[in-house]
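Subject: Structure for you to look at

Hi,

Here is the structure I promised to pass on. Please open it before you read further.

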Amino acid sequence: MKRFLAFVSKEFKHILRDYRTLLILFGMPIAQILLFGFAITNEIKDAKIAILDFSKDNTTQEISNKILSSGYFLLYKNLSSTRDIEPAFKEGIIKEVIIFEPEFGKNLEKSKLANIQIIADASDPNLANMLIGYTSSIILDYQKDLLKGKTLPPIINTDIKMLFNPNLKSVFMFVPGLMAVILLLVSAMMTSISIAKEKELGTMEILLVSPLNPLQIIVGKVVPYFFISLINYIIIIILAKNVFLVPITGSIILLILESVLFLLTSLSLGILISTISNNQQTALMISISALMLPAIILSGYIFPVENMPLPLQVISNIIPAKWFIIIVRGIMLKGVSFSYIVTETAVLAGMTLFFVLLSIKKFKIRLE
Amino acid sequence: MSSVIIENLSKSYGDVSAVDDISLNIDTGEIFGFIGPDGAGKTTLFRMLTSLLIPDKGKATVEGFDIVKEFKKIRSLVGYMPGRFSLYQDLTVEENLNFFASVFGTTIQENYNLIKDIYVLLEPFRKRKAGKLSGGMKQKLALCCALIHKPKILFLDEPTTGVDPVSRNEFWDMLGYLKNEGITIVVSTPYMDEANKCDRIALMQRGKILETNYLKNIIARYPGKLFAVKSDIMFILLKDLRDYKNSNSVFSFGDSLHYSDSRTDVTKDDILNYLKSKEHKNILIEEIEPNIEDCFMDLMSK
């Protein structure tokens, strides 16, 4: 035990003396969550548009006002001819042009049919889609107002409610994924690098020719990063809750326990990587390509797993982050209890066990 | 009594055979030196003896324990200092020493006796990080760390490589002191002149042992007589001596040639006459005692 403690204290010294790495360890999570929270957003706010109104009557005025007062759009300029449309887009400022046909109000009154054309800048397809969606729904809303009191055709009214994230705030979606990525990064990558470092600098040679057993070496390497990750994790939760007002509707104890489980999964992955890499460079490359990228792309962190082609959906199952993200979203946003996430928890626990056993089997008690 | 018994030990990497069928015994309490150039297989041999590598063939015991089956026992009783400086550069001198003491379940105080003479030299720097020490200091610290648990046997892989001559001498003095404490010391070195600091030596070349013996026995067994020869035009001298019918070997050595003659009754004048007939001028011939390098060259050419 004394041996083990001496080893752990040595590890802490390594970490605390490397100021630059330490800065990254604690600075990165904070920087990432602030970046994701503020900068990367899927919401539309004050998108600049232009309006080409051939009609200029009360109705078009009312619709325009309704659109512009929604808070999503900002009028950049009024156009006067179809020839202005393309140059206006090329300026790069406006994202959408709304065109009212001539005699719009009259047509609506008389023939009950009037046309609006919406042209969107699809160089950013997601944004274009969203803009059109927003605009259409505002116009639809206006139409409903028109029909009020009249009982002409039967209308199916769709009342939409966005559960768990009523305002569709993207930060709510990013936080669970961010937790997964940061825990992976700090625990898996740093553990694998620190074990690989011993091999690279030759100190592993001395450690092997000593009464320390492999388990003590591995666990000794893991303990400091476990605590650092835990601290990081708590920082993320505090930031998410207080700066971005992400709700934690479920049990916070359950959330922490599940996170500790994922932390163990990441650490075991880190150890596994270190057993197959002989220097820090390799450990870093494997961590990034085998852990980080899948955790970002295939886990459902940013891109929904359901929309991926089938083979990728199958592959996503072996990515621990996917299961963790499901668990965290469940607990934080939906407030589910443990019984709803038993499967995911079991998968993570199984993976951890598998990685640990594999690492122990692969850990070299000699130099080859 | 033997501390190390090696029987037909072999280890190869792919086609390259690093250690090739080596057998020898190392006695308890002696300083035993493996001497040979880079790539002779010294490090591979040391790694096998310290249980870091598994031999392809043959077997060996260290202090009676098999290097493969009983590796755990070996690991707690040997002190090992790898060829490359392998301590923690970001820990201080004191922290490194404390760490290794704890790892071996002891304390600095417990075995302070053993390292005292070396540690007093390090003491002024004990708060300095190991990475900031000079080469000689690093080596002393590494030796301290390898000694801290009072090992029965010490394996030092090229401890004096890259160390200045003064520190090298100091280092060998320390080894002499440790020998008096009853520790068996197995050391490897590429420097031939360090052979006379060892009790017994093994000359190694391309994975094979050329000869294992006391230095004086190796020298005594040098065949024929050896002369240091000089003349005005050295490269012609080299060629002429090689062409001489009684020539055994000729090597350039510093500013003279070491010429070994196969006859036992040869004299300086025999050679002088031959060289005069080849029109050499300012000839200087002197019969000399062979040194370890001459022996190595001789054994190598066989």
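Below are my notes on two contacts, one inside chain B and one between the chains.

Keep in mind that this is a predicted model.

**Inside chain B**

Chain B splits into domain 1 (2-219) and domain 2 (223-300). Their centres, taken over C-alpha atoms, lie 38 Å apart. The contact involves 14 residues of domain 1 of chain B and eight residues of domain 2 of chain B. Together the two domains of chain B bury about 900 Å². Carbon and sulfur atoms account for 86% of that area. On the domain 1 side, Met192(B), Leu210(B) and Ile219(B) lose the most area to domain 2 of chain B. These three make up 58% of what that side buries.

What about polar links? Between domain 1 and domain 2 of chain B there are zero salt bridges. The count of residue pairs in polar contact, with both at pLDDT 80 or more, is also zero.

Three elements of chain B give two or more residues each to the domain 1 side: strand 9 (200-205), strand 10 (208-214) and helix 7 (215-220). Strand 9 of chain B has the largest share, with four residues. By type, the domain 1 side holds 11 nonpolar residues, two polar and one charged.

**Between chain B and chain A**

Here 32 residues of chain B meet 26 residues of chain A. The buried area is about 2700 Å², and carbon and sulfur atoms give 61% of it. Leu52(B), Arg75(B) and Tyr88(B) supply 23% of the area that chain B buries against chain A. No other three residues supply more.

How many salt bridges link chain B and chain A? There are three. One salt bridge joins the side chains of Arg17(A) and Glu95(B), at 2.6 Å from N to O. Polar contacts between the chains come to 14 residue pairs, both residues at pLDDT 80 or more.

On the chain B side, the elements that give two or more residues are helix 2 (71-77), strand 6 (78-81) and helix 3 (93-103). The largest share, five residues, comes from helix 3 of chain B. The residues of chain B that touch chain A divide into 17 nonpolar, eight polar and seven charged.

If you want one place to start in each contact, try strand 9 of chain B for the domains and the Arg17(A)–Glu95(B) salt bridge for the chains.

Best wishes

Terms used
Residues numbered from 1 in each chain as written. Chains lettered and ligands numbered in written order. Predicted model: local features only at pLDDT ≥ 70, side-chain atom pairs only at ≥ 80, totals over all residues. Heavy atoms only, no water. Domains from an automatic or database assignment. Contact = heavy atoms within 4.5 Å. Buried area = accessible area lost by both parts, 1.4 Å probe. Salt bridge = Lys/Arg side-chain N within 4 Å of Asp/Glu carboxyl O. Polar contact = N/O pair within 3.5 Å; in protein donor to acceptor, adjacent residues only side chain to side chain. Nonpolar A, V, L, I, M, F, W, Y, C, P; charged D, E, K, R; others polar.
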